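Visitor: Please bring up the model. I have some questions about its interior.

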Amino acid sequence: MAYLAVPEPFSFEHTTERFRVFGPDYASLWHEGGLHRVIGGREVRIESAPGGVDVEPLDDETGPVVLKLLGAEFDLDAFRPTEPRLARLATRLRGFRPPLTTDPFEMLVGAISAQQISLRAALSVRNRFVQRFGVRAGLAYAFPATERVSRAEPEELRALGFSRRKADYVLALARAGLDYVALAGAADEDVKATLVELPGIGEWTADWFLARHLARPHAWPAGDLALRKVVSAFYGDGRSLTTQEVREIGARFEPFQNLSAHYLLLGNRLPG
């Protein structure tokens, strides 16, 4: 295996927590202490190493994808929250780099699958989707290509556990011909405006696309139920906050709303 440095601070354990806690994800598979991901048709294994990771195979194609997957785009040096609760979390979870979904189509399909159901249930549906339409490269599967999914029929997706509406949403997305390169260079509001024009994609999904694919610093998915619960627990004075109240609270974390959301969510899952 070859060594790949990750910007400090970096905690492999915290960064890869989500790949362990919700169960196996066949497209980003945790196996025997390492993360497996298919990049360019090859299965890549990522393991912890001092100050970075060991990667096999590591080259000009796999290296940038691994760095994005491990949240190297986030500026943790500048992330020094002054709000007391978040500051304590930032200290306890030092080195946590929110992992990013490297494939934009995968990010949006994942968000659609998670609408109105638990993350574990959504992952089960998504794994069946990956097995049906993806390509296995070893232990892990390449996430299904847009072109392959666009040729599917709604009944094929419904047989995997997608509701009728979600099957239609995924197929509409696959057939939409989105220019993901152009989206990556667009302003936050323009990205959201483009995405919400598609059936089944609302503000919640668009916010998570900004947060977990594009790593936009101001992304704050105020409508996310898990984020609403944790913000209510920390800042709600004993009551459940509305989406609008959560959105307003996000302003106090300027300009690091995205990192703040991830640290609050992880801090709520981990003991201590």
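Visitor: How much space lies in the largest cavity?

Guide: This is a predicted model, so local features need pLDDT of at least 70 and side-chain atom pairs count only at pLDDT 80 or more, while totals for chains, interfaces and linings use all residues. Residues are numbered from 1 along each chain as its sequence is written, and side-chain values use heavy atoms, with hydrogens and water left out. A cavity is a set of points, on a 1 Å grid over the protein atoms alone, where a 1.4 Å probe fits but cannot get out. The space in the largest cavity, filled by probe spheres set on the points, is about 60 Å³.

Visitor: Which element gives the most to the lining of the largest cavity?

Guide: Lining residues have an atom within 4 Å of a point. Among them are His14, Thr15, Phe96, Arg212, His262 and Arg269. Two elements give two or more residues, α1 (12-15) and α15 (257-269); helices are DSSP runs of H or I, at least four residues, numbered from the N terminus. With 4 residues, the most comes from α15.

Visitor: How much space lies in the largest pocket?

Guide: A pocket is an open set with protein on both sides within 12 Å along at least five of seven lines. Its lining has 35 residues, and Arg18, Ala114, Leu119, Trp204 and Arg212 are the closest to the centre. Helices α6 (119-133) and α12 (203-212) are among those supplying at least two lining residues. The space in the largest pocket is about 1,000 Å³.

Visitor: What is the nearest side chain of opposite charge to Arg97?

Guide: Arg97 sits in the loop between α4 (84-92) and α5 (104-113). Arg97 is buried, meaning under 20% relative accessible area with a 1.4 Å probe, protein chains only. A salt bridge needs a side-chain nitrogen of Lys or Arg within 4 Å of a carboxyl oxygen of Asp or Glu. Arg97 has none; at 6.2 Å, the nearest side chain of opposite charge is Asp77.

Visitor: Is Glu203 buried or partly exposed?

Guide: Glu203 lies in helix α12. Its contacts (heavy atoms within 4.5 Å), leaving aside neighbours within four places in sequence, are Lys192, Val196 and Arg247. Partly exposed falls between 20% and 50% relative accessible area. Because its relative accessible area is 40%, Glu203 is partly exposed.

Definitions and conventions
Lys and Arg count as positive and Asp and Glu as negative; His and the chain ends are not counted.
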